[in-house]
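User: Please take a close look at the inside of this protein. I would like to know about any enclosed empty space and the residues around that space.

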Amino acid sequence: QVQLGESGGGLVQAGGSLRLSCAASGRTFSNYAMGWFRQAPGKEREIVAAISWNGYNTYYADSVKGRFTISIYNAKNTVFLQMNSLKPEDTAVYYCAAVRQLYSYSYSTDSREYDYWGQGTQVTVSS
């Protein structure tokens with residue numbers, strides 16, 4: 001079993017920055033692609049970014065390209081989401097998730113494929 005714990009959410013003004021962290025613990029954690037998802041009130045959960053276990057391959061939703069950066073620190077089983085130039089429409093609960101991959105260079109953008117989820121962290125961007 002894998003446990004994921006997010007941190008770093010909060011309230012920030014538009015144009016500001018936040019850095020989310022997600023630490024994994026539990027069973028041996030390797031070859032897990034990681035993803036960040038978010039869900040705003042009244043909306044469906046959507047993918048924000050994903051990264052392969054080796055960190056070489058990444059995906060970003062169009063809405064965050066150029067503003068958010070996902071990174072992974074394998075030695076600490078931690079994935080980060082650096083969020084810059086935040087907008088009010090970025091307000092949501094952000095979740096990290098993990099999915100076991102056959103290859104260290106692959107990732108998934110489909111939330112249905114993810115095996116483990118964190119409890120979520122609230123990000124609120126004021127205008």
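Analyst: The model is predicted. Its largest cavity has a volume of about 30 Å³. The search for cavities of 30 Å³ or more returns a count of one. Rolling a probe the size of a water molecule over the atoms shows where empty space is left.

The lining comes next. The residues that line the largest cavity are Leu4, Cys22, Ala23, Ala24, Phe29, Met34, Trp53, Ile72, Asn77, Thr78 and Val79. Two elements, β3 and β8 (78–83), each give two or more residues to this lining. Of the elements, β3 gives the most, with three residues. By character, the lining residues of the largest cavity divide into nine nonpolar and two polar, with no charged residue.

One of the lining residues, Cys22, also takes part in a covalent link. Cysteine 22 is joined to cysteine 96 by a disulfide, with an S to S distance of 1.9 Å. Cysteine 22 sits in strand β3 (residues 18–26) and cysteine 96 in strand β9 (residues 92–100); the two are 74 residues apart, and the pair links distant parts of the chain. The link of cysteine 22 and cysteine 96 is right-handed, with 50° about the S-S bond. A search of the whole structure finds one disulfide.

Both ends of this link can be checked for burial, for which the cut-off is under 20% relative accessible area. Cysteine 22 has a relative accessible area of 1%, so cysteine 22 is buried. Cysteine 96 counts as buried because its relative accessibility is 0%.

A further buried residue is threonine 121, which lies in strand β11 (residues 121–126). Its relative accessible area is 11%, so threonine 121 counts as buried too. The side chain of threonine 121 reaches the backbone nitrogen of glycine 9 at 3.3 Å. Beyond its neighbours within four places in sequence, threonine 121 is in contact with Glu6, Gly9, Leu20, Ala92, Val93 and Tyr94. Among these contacts, Leu20 falls within the residue range of β3, 18–26, while Ala92, Val93 and Tyr94 fall within that of β9, 92–100.

To return to the request, the cavity of about 30 Å³ has Cys22 in its lining, and cysteine 22 is bonded to cysteine 96 through the disulfide.

Definitions and conventions:
Residues numbered from 1 in each chain as written. Predicted model: local features only at pLDDT ≥ 70, side-chain atom pairs only at ≥ 80, totals over all residues. Heavy atoms only, no water. Disulfide = S-S within 2.5 Å. Helix = DSSP H or I, 4+ residues; strand = E, 2+ residues; numbered from the N terminus. Buried < 20%, exposed > 50% of the residue type's maximum accessible area, 1.4 Å probe, protein only. Polar contact = N/O pair within 3.5 Å; in protein donor to acceptor, adjacent residues only side chain to side chain. Contact = heavy atoms within 4.5 Å. 1 Å grid on protein atoms, 1.4 Å probe; cavity = no way out; pocket = protein on both sides within 12 Å on 5 of 7 lines; lining within 4 Å. Points joined across faces, edges and corners; volume = space filled by probe spheres on them. Nonpolar A, V, L, I, M, F, W, Y, C, P; charged D, E, K, R; others polar.
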